[in-house]
Amino acid sequence: QVQLVQSGGGSVQPGGSLRLSCVASGLSFSRYDGYWFRQAPGKQRELVGSITTFGRTNYAASVKGRFTISRDSAKNTLYLQMNAVNPDDTGIYLCTSSRPGDYWGQGTQVTVSP
């Protein structure tokens with residue numbers, strides 16, 4: 001059974017940092033690409049970034065240079081390090097993978113406000 005369990009998130013002031021985690025069971029982030037998406041209120045879900053099995057990362061233009069995606073193969077965990085956050089980063093963040101079956105984390109709320 002595949003499960004993606006997220007942690008981290010919460011409220012942070014503009015300019016602050018947060019780290020989100022996504023622990024996988026039933027799939028290996030060494031075998032599948034990992035993705036982070038976010039959904040802001042009233043907006044469509046958007047891709048934040050991704051990491052391939054080779055460790056290559058790609059990011060949305062809006063977060064490039066501020067966010068970093070990484071993984072720990074030993075812990076089978078995907079991370080999203082968020083730095084220099086701003087109010088536009090507010091939303092629900094979700095992790096997923098390229099494994100067929102449409103598996104998603106439960107979502108983590110991130111709120112950026114003064």
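Strands β4 and β5 pair in the antiparallel sense. β4 covers residues 34–39, β5 covers residues 46–51, and five bridges join the two. The model is a predicted one. One of the contacts can be placed exactly: Tyr-35 has Ser-50 in β5 as its bridge partner. The connection is a hairpin, with six residues between β4 and β5. Look at Gly-42 in the turn: its phi is positive, at about 75°.

β4 also pairs with strand β9, residues 91–97. The sense is again antiparallel, and six bridges hold this pairing. Here Gly-34 is bridged to Ser-97 in β9. β4 thus appears in two pairings, with β5 and with β9.

Now turn to the open sheet. Four strands build it, in the order β1-β3-β8-β7. The pairing is antiparallel. Which strands stand at the edges? They are β1 (3–7) and β7 (67–72). Each has a single partner strand, so one side of each is left without a neighbour in the sheet. Neighbouring strands of this sheet are turned against each other by 15° on average, direction ignored.

Follow the edge strand β7 inward to β8, residues 77–82. The two strands run antiparallel and share six bridges. Among the paired residues, Thr-68 has Gln-81 in β8 as its bridge partner.

One general point helps when tracing these strands. Along a regular strand, side chains alternate between the two faces of the sheet.

Definitions and conventions
Residues are numbered from 1 along each chain as its sequence is written. This is a predicted model: local features need pLDDT of at least 70, side-chain atom pairs count only at pLDDT 80 or more; totals for chains, interfaces and linings use all residues. Side-chain values use heavy atoms; hydrogens and water are left out. Two strands pair if DSSP finds at least two bridges between them. Axes are lines fitted to C-alpha atoms, for helices over the stretch in contact, and angles run from 0 to 180 degrees between N-to-C directions.
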